[in-house]
Amino acid sequence: QVQLQESGPGLVKPSQTLFLTCTASGGSITTNTYYWSWVRQPPGKGLEWMGAIAYSGLTYYRPSLKSRTSISRDTSKNQFTLQLSSVTPEDTAVYYCARAQGRIHRFDYWGQGTQVTVSS
């Protein structure tokens, strides 16, 4: 059974960089055909896929966020990390990490989510 756990600050100031880490257990992030994503849900809005890192290490980003987003991984810790720069209050959301199999948006496991608020 795969488990995903997000961690990071709950409050970030405008213009700063948000760092979130997802720790995976029950399966390796380098296992073939899996994609590891960050998805967020702003208050009152739907889910928004932000980007993913594949089992191979290749990264994929939502075009509208690409200039501010970076996803990396630490295979020794079975973790992957989201960096979102120049945050604004519009980046306030619940952030989820998720796993997909075969296709980048075919999600099968999700973390519980972590609330991030951007405010001074």
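Q: In which strand does Arg73 lie?
A: This is a predicted model, in which local features need pLDDT of at least 70 and side-chain atom pairs count only at pLDDT 80 or more, while totals for chains, interfaces and linings use all residues. Residues are numbered from 1 along each chain as its sequence is written, and side-chain values use heavy atoms, with hydrogens and water left out. Strands are DSSP runs of E with at least two residues, and helices are runs of H or I with at least four, both numbered from the N terminus. The run of residues 69-74 holds Arg73, and that run is strand 7.

Q: What is the relative accessibility of Arg73?
A: A residue is called buried under 20% relative accessible area, exposed over 50%, and partly exposed in between, with a 1.4 Å probe and protein chains only. Arg73 counts as partly exposed, because its relative accessibility is 29%.

Q: Which residue has a backbone oxygen that the side chain of Arg73 reaches at 2.8 Å?
A: Leaving out residues up to four places away in sequence, Arg73 touches several residues, including Ile53, Ala54, Tyr55 and Phe80, where contact means heavy atoms within 4.5 Å. A polar contact is a pair of N or O atoms within 3.5 Å; within protein, one must be able to donate a hydrogen and the other to accept it, and residues adjacent in sequence count only if both atoms are side-chain atoms. A polar atom of the Arg73 side chain lies 3.4 Å from the backbone oxygen of Ala54. At 2.8 Å, the backbone oxygen that this side chain reaches belongs to Tyr55.

Q: How many residues apart in sequence are the parts that Cys22 and Cys97 tie together?
A: A disulfide is a covalent bond between the sulfur atoms of two cysteines, and here the term is used for a pair of such atoms within 2.5 Å. The sulfur atoms of Cys22 and Cys97 are 2.1 Å apart and form a disulfide. Because Cys22 lies in strand 3 (residues 18-25) and Cys97 in strand 9 (residues 93-101), the pair ties together parts whose separation in sequence, in residues, is 75.

Q: Is Cys22 buried or exposed?
A: The relative accessible area of Cys22 is 0%, and Cys97 likewise counts as buried at 0% relative accessibility. With this value, Cys22 is buried.

Q: Which side chain of opposite charge is nearest to Glu6, and how far away is that side chain?
A: Glu6 is found in strand 1 (residues 3-7), and its side chain reaches the backbone nitrogen of Cys97 at 3.0 Å and that of Gln112 at 3.4 Å. A salt bridge is a side-chain nitrogen of Lys or Arg within 4 Å of a carboxyl oxygen of Asp or Glu, and for charge, Lys and Arg count as positive and Asp and Glu as negative, with His and the chain ends not counted. Glu6 is buried yet has no salt bridge, and the nearest side chain of opposite charge is Arg99, at 13 Å.

Q: Which strand gives the most residues to the largest nonpolar core?
A: A nonpolar core is a set of buried Ala, Val, Leu, Ile, Met, Phe, Trp, Tyr and Cys residues joined through side-chain atoms within 4.5 Å. The largest one has 25 residues, and those with the most contacts inside it are Leu18, Trp36, Trp38, Phe80 and Tyr95. Several strands each supply at least two residues of this core, including strand 4 (34-41), strand 8 (79-84) and strand 11 (114-118). With four residues, the strand that gives the most is strand 3.

Q: How many residues apart in sequence are the parts that Arg40 and Asp91 tie together?
A: Arg40 is buried, with a relative accessible area of 5%, and Asp91 is buried too, at 2%. The two form a salt bridge, with their closest N and O atoms 2.8 Å apart. Because Arg40 lies in strand 4 and Asp91 in the loop between strand 8 and strand 9, the separation in residues of the parts tied together is 51.

Q: Which residues are joined into one network by salt bridges that share partners?
A: The structure holds five salt bridges, among them the one in which the side chains of Arg40 and Glu48 meet at 2.6 Å, N to O. Asp91 also pairs with Arg68, their closest N and O atoms being 2.9 Å apart. Through shared partners, the residues joined into one network are Arg40, Glu48, Arg62, Arg68 and Asp91.
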